[in-house]
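Okay, can everyone see the screen? Let me pull up the model and walk you through a few spots.

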Amino acid sequence: MIRLKILVVAFFSMGLVAKEFSELKADTSVPKTKDYYIGWVPDSSNFISPLPAPEKEEKAEDIPPKLNVSASVYFPEPNQTDSTPFITADGSRISKKNPGKHRWIAVSRNLHSRWGGEINYGDSLWVSGISNDLDGLYVVRDVMNRRIRNRIDILVGKQDDVMGYWKNVSIAKVD
């Protein structure tokens, strides 16, 4: 029979207290061990009190608002970006070997704060509603052409073999 004991040992200025924290056992009738005090017995003033409960519960207004947008993918190449396809609008450099590893996105200008939106470069966005592979956390590093509105563009590489256009994609800022 295998028994596993995890002991929490607390050292005090003049003594040692060893207390059994947890006992996991497999079909055994061995009683639990007792607390052992060696030397000085500490009074309650030496114990650390538990962490206080959070003062504020999360309310509906604290949850970041979700936006419904459409989504597409783009490759870092001149006909899909500008003349410097491996440099994003915020100056970040894209890996030429594996652009998709960054998990970066471009947002349409109406969503970006520079043009009146609420999203900035470097913001993390939770994207959902595309697919299991593409849903997740992304960082805003680029903006799209001014003719495009209410859309995000996910940076991928040609070798990723991902193409598509999705409607009703949900995005939310992550703080």
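So, strands β6, residues 124-128, and β9, residues 165-174, run antiparallel and are joined by five bridges. Strands here are DSSP E runs of at least two residues, while helices are H or I runs of at least four, all numbered from the N terminus. Two strands count as paired if DSSP finds at least two bridges between them. One bridge to look at is Ser-124, whose partner in β9 is Val-174.

Quick caveat: this is a predicted model, local features need pLDDT of at least 70, side-chain atom pairs count only at pLDDT 80 or more, and totals for chains, interfaces and linings use all residues. Residues are numbered from 1 along each chain as its sequence is written, and side-chain values use heavy atoms, with hydrogens and water left out.

Zooming out, β6 and β9 belong to a closed barrel of six strands, in the order β4-β8-β5-β7-β6-β9, with mixed pairing. From one strand to the next, the twist averages 45°, taking axes as lines fitted to C-alpha atoms and angles from 0 to 180 degrees between N-to-C directions.

Staying in β9, there's Ser-170. Is Ser-170 buried or exposed? Buried, because its relative accessible area is 12%; the cut-offs are under 20% for buried, over 50% for exposed, and partly exposed in between, with a 1.4 Å probe and protein chains only. Beyond four places in sequence, Ser-170 touches Lys-66, Leu-67, Asn-68, Trp-126, Val-127 and Ser-128, where contact means heavy atoms within 4.5 Å.

Now over to β7, residues 136-143, where Asp-142 sits. Here's a fun one: Asp-142 is buried but has no salt bridge, and the nearest side chain of opposite charge, Arg-109, is 7.7 Å away. For a salt bridge you'd want a side-chain nitrogen of Lys or Arg within 4 Å of a carboxyl oxygen of Asp or Glu. On charge, Lys and Arg count as positive, Asp and Glu as negative, and His and the chain ends aren't counted. Leaving out residues up to four places away, Asp-142 touches several others, including Thr-88, Ile-105 and Tyr-121.

Last stop, the loops. Most residues other than glycine have a negative phi. Arg-103, in the loop between β4 (66-74) and β5 (104-107), has a positive phi near 60°. Asp-161, in the loop between β8 (151-155) and β9, also has a positive phi, about 55°. Arg-103 is partly exposed at 27% relative accessible area, and Asp-161 is exposed at 72%.
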